[in-house]
Amino acid sequence: MKRFILMLLATTALVACKTIEIENGEVPDEYLARAKKLEGVYSGSFEGRRGEMTIAFEGNRPVLSFKDSRGDSFMPSSCKSSINDLKWVYVNRKEAVDSAAFYFDPGTCFIQGREVVLYFSKDYNTINVRILEYQKTERRCDWSVPDPVRGPIEHCEVNRVDVTLNGKFSR
């Protein structure tokens, strides 16, 4: 039985999903063919602004860009924000790319996000985009009366909630 459990754990570790940290913004050669499937122009909107998002490759280095009628950035042009190198890629058990993130500099805009995160559909034809705008704290409390003599007891839980800027693009 112990041997079976060890084999099961080993098998699970082999087929597990993994986040690949990217060095120098370049996709490693062994993942390049899969990554190039994402290359192309995607139409859609980001925070209600219609535009085109492009994923292109310069050698092994993917380049993400967004263009709409107001400029070349997800943020207003006055922010002087920029999308930089690829930061990480998340690969699922089937060795398909589920999501990826690029370093993001918001420029002069006051947002907390430092990544543009892309979430890919299974056929790679649709991409959801998220940038963290800010985090807020929510406090939720509940009352219980486990002992009528001692009276009610308040139980509180504090959670952080991410508020994101969102977009959706398709080929």
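Helices and strands in this tour are DSSP runs, with a helix needing at least four residues and a strand at least two, and they are numbered from the N terminus. With that in mind, please remember throughout that this is a predicted model.

**The whole chain**

Begin with the entire protein chain in a cartoon view, where two helices and nine strands make up the secondary structure. Followed along the sequence, these elements come in the order α-β-α-β-β-β-β-β-β-β-β. The radius of gyration is 22 Å, well over the 16 Å that the globule rule gives for 171 residues, so the protein chain is more spread out than a compact globule. If you turn the view along the principal axes, the C-alpha atoms fill a box of roughly 70 × 55 × 25 Å. Of the 171 residues, 31% count as buried, and among the contacts with a separation of 6 or more, 48% are between residues 24 or more positions apart.

**Strands β1, β5 and β6**

Select residues 18-21, which are strand β1, together with residues 82-91, which are strand β5; the two run antiparallel and are joined by four bridges. Within this pair, look for Thr-19, which has Tyr-90 of β5 opposite to it. Now add residues 97-105, strand β6, which also runs antiparallel to β5 and is joined to it by seven bridges. Here Val-91 and Val-97 of β6 stand opposite each other. The hairpin that β5 and β6 form has five residues between the strands, and Glu-95 takes a positive phi near 65 degrees there.

**A stop at Asn-92**

Stay with the loop between β5 and β6 and select Asn-92, which lies in it. Is Asn-92 buried or exposed? Its relative accessibility is 17%, and because buried means under 20%, Asn-92 counts as buried. Show the side chains of Asn-92 and Asp-98 next, since a polar contact of 3.1 Å can be drawn between them. When residues up to four places away in sequence are not counted, Asn-92 touches Cys-17 and Asp-98.

**Strands β7, β8 and β9**

Move on to residues 115-120, strand β7, and residues 126-144, strand β8, which pair in the antiparallel sense over four bridges. Leu-118 and Val-129 of β8 face one another as an opposite pair. The hairpin made by β7 and β8 has five residues between the strands, and in its turn Tyr-124 has a positive phi of about 65 degrees. Then extend the selection to residues 153-170, strand β9, which runs antiparallel to β8 and is joined to it by 18 bridges. In this pairing, Asp-142 stands opposite His-155 of β9.

**The nonpolar core**

Which residues have the most contacts inside the largest nonpolar core? This core has 35 residues, and the ones to select are Met-53, Ile-55, Phe-74, Leu-118, Phe-120 and Val-129. Strand β6 gives the most to this core, with four residues. Centre the view on Met-53 and, leaving aside its neighbours within four places in sequence, display the residues in contact with Met-53, including Val-41, Leu-64, Phe-66, Phe-74, Leu-118, Ile-127, Val-129 and Phe-169. As a general background to this view, nonpolar side chains tend to be buried together in soluble globular proteins.

**The disulfides**

Finish with the cysteines, among which two disulfides are counted. For one of them, select Cys-79 and Cys-109, which are joined with an S to S distance of 1.4 Å. Cys-79 lies in the loop between β4 (61-68) and β5, while Cys-109 lies in the loop between β6 and β7, so this pair ties together parts that are 30 residues apart in sequence. Both Cys-79 and Cys-109 are buried.

For the other, select Cys-141 and Cys-156, whose disulfide has an S to S distance of 2.1 Å. Looking about the S-S bond, you will find 110 degrees and a right-handed link between Cys-141 and Cys-156. Cys-141 lies in strand β8 and Cys-156 in strand β9, so this pair ties together parts that are 15 residues apart in sequence. Cys-141 is partly exposed, with a relative accessible area of 36%, and Cys-156 is also partly exposed, at 36%. With the bonded cysteines of the protein chain numbered in sequence order, the pairing reads 1-2, 3-4.

How values were computed
Residues numbered from 1 in each chain as written. Predicted model: local features only at pLDDT ≥ 70, side-chain atom pairs only at ≥ 80, totals over all residues. Heavy atoms only, no water. Pairing = 2+ DSSP bridges. Buried < 20%, exposed > 50% of the residue type's maximum accessible area, 1.4 Å probe, protein only. Polar contact = N/O pair within 3.5 Å; in protein donor to acceptor, adjacent residues only side chain to side chain. Contact = heavy atoms within 4.5 Å. Core = buried A, V, L, I, M, F, W, Y, C linked by side-chain atoms within 4.5 Å. Disulfide = S-S within 2.5 Å. Rg over C-alpha atoms; globule rule 2.2 N^0.38 Å.
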